[in-house]
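Let's take a friendly look at how cysteines can pair up in a protein, and at the surroundings of one glutamine. Have the structure open as you read.

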Amino acid sequence: MKVGIRLRTAAMGVALLGSLTVGAAPVAAATQTATIPQSFSGSTDPAVQFNVQGVCDLCVDDAIANLFNSSSGAWGFGADAGASVTSLAYASSTSTAVTYDDSLLRQGQTLSATDVLTTSGGTITAKGTFTGHYGFYHDTGSGFVADGSLTAFNKAFTLTFACGMPLPGDPPASCTSGLTSENIVSLDVFDVVTNYITIDFSVGFRLDVSLSNAGVATVRQSIVTGGGSTQNAPLTFAGTSPSSVSDAVHFSCTEPAGNAVSYAFTNTGYGASTSIGSMIEIDVTAKLWQRLPFPAPDFVLTDLYGPAAVATTDTPTAPVSMPISAPDGSISLGTLAKNNVPPVVDAGPTPYAGNQGSAIQFDGSASSSVCGFPTLRWDFSDGGVAFGAKPFHTFTGSGTYSGQLTATDATGLVSTTTFSINVANLPPVVDAGPGTTSAWGRLVAFNGSAVDPGSDDQATLTYS
């Protein structure tokens, strides 16, 4: 018995829109520069004291002193002096010029900024007190000892001097106050009618401060007013002053267009280490005067000593802890513009090919957008719809089909493209059924079937 099958094929075609490309008018680059000033400061109580002690034998005429005291031996003027530094403060300033192209101040774009930091001088301010004792010393053969009680002194001091802010490419800063002198007392002593001695006692002091060459570290913050998050990035200014750092700031398409954008430095610190040292000395001027009858003026009979240092102590620098930082600084970059770059839509290797009744996979993964991967919608000419980068779709009939892929980014910009699919026709699967028997002259029952892979095709069974 011969079985024949006839199929009806539906070839379908839908004319769709061609590829749609949304163009954006180019925006002329406009370079802008804004400046972030920052004032650096640091302070500490170094809790250090520098001391010196000495006796000036030549400052007192022994003959006059022995006459005055009815004694013998050598006489001198002596002192112990200390400089206690109770406060050390540093101040300096920088300015950072931020240069950028404001045409990139837009959703989905990356703004490439150049930050140039320039240091500007610096100042050390040290405060403390001079303390100690002074008086006359007598040596009767066993060395000088204080003759009676000594007089105590206590005087505050403030030293201010320049000290730069070296970056890693600069040499370390060695700063000094220079030698200063604090007058403690002026005395007229050992007055024996015709002669007397004047002694001027002062403390000479020099403070030395060193700063290592270190970088300026900060955290850059980019904030869109009303936006979802703050973008942070660490920046370090090294090299020499002026020091340049490149900074890339990306603006998400989810940030609200039309709002102000700020650019700020926070947690800014200068990593230099600090050391201080000093030189302290006892300075004395001693003169022997001749007194004449009035109205003749007194005159200096001889310079007993000085002006010169009786004793000097030089202390090398030693480290102290003094963190140096700056408060936050910020500028406004302008207003964030709306994205104007449409997505790139790519429907993959068109034409696609497959068989009727079998799922065909499509590939739009080459699509892209400055706002991240776009949303993809696939419209097929058989009325079907699919979504995503690699969807499947099954055609129930054979023939050539068309389709349109639509890409939509996060800001609503749209691009489309078309594609085609060749769907092959497959023969039906035929089953004549089991063998059967019947008596002569009786009806014979047959149970044949045919199944076509495409549900749109119809199958006809013919028995011969």
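Here is a short briefing on disulfides and on one residue, Q290.

This is a predicted model, where local features need pLDDT of at least 70, side-chain atom pairs count only at pLDDT 80 or more, and totals for chains, interfaces and linings use all residues. Residues are numbered from 1 along each chain as its sequence is written, and side-chain values use heavy atoms, with hydrogens and water left out.

**Disulfides**
- The structure holds three disulfides, each being a pair of cysteine sulfur atoms within 2.5 Å.
- C56 is joined to C59, S to S 2.0 Å, and the torsion about their S-S bond is about 85°, so this disulfide is right-handed.
- C163 pairs with C175 at an S to S distance of 2.1 Å.
- C163 sits in the loop between β7 and β8 and C175 in strand β8, so this pair ties together parts twelve residues apart in sequence (strands are DSSP runs of E, at least two residues, numbered from the N terminus).
- The sulfur atoms of C253 and C371 are 1.8 Å apart, and their link is left-handed, with -70° about the S-S bond.

**Burial of cysteines**
- C56 is buried at 3% relative accessible area, where buried means under 20% (1.4 Å probe, protein chains only).
- C59 is buried too, at 0%.

**Around Q290**
- Q290 lies in strand β15 and is buried, at 18%.
- The side chains of Q290 and N195 share a polar contact of 3.3 Å, that is, a pair of N or O atoms within 3.5 Å, one able to donate a hydrogen and the other to accept it, with residues adjacent in sequence counting only if both atoms are side-chain atoms.

Methods: Helices (H or I, at least four residues) and strands (E, at least two) are DSSP runs, numbered from the N terminus. Buried means under 20% relative accessible area, exposed over 50%, partly exposed in between (1.4 Å probe, protein chains only).
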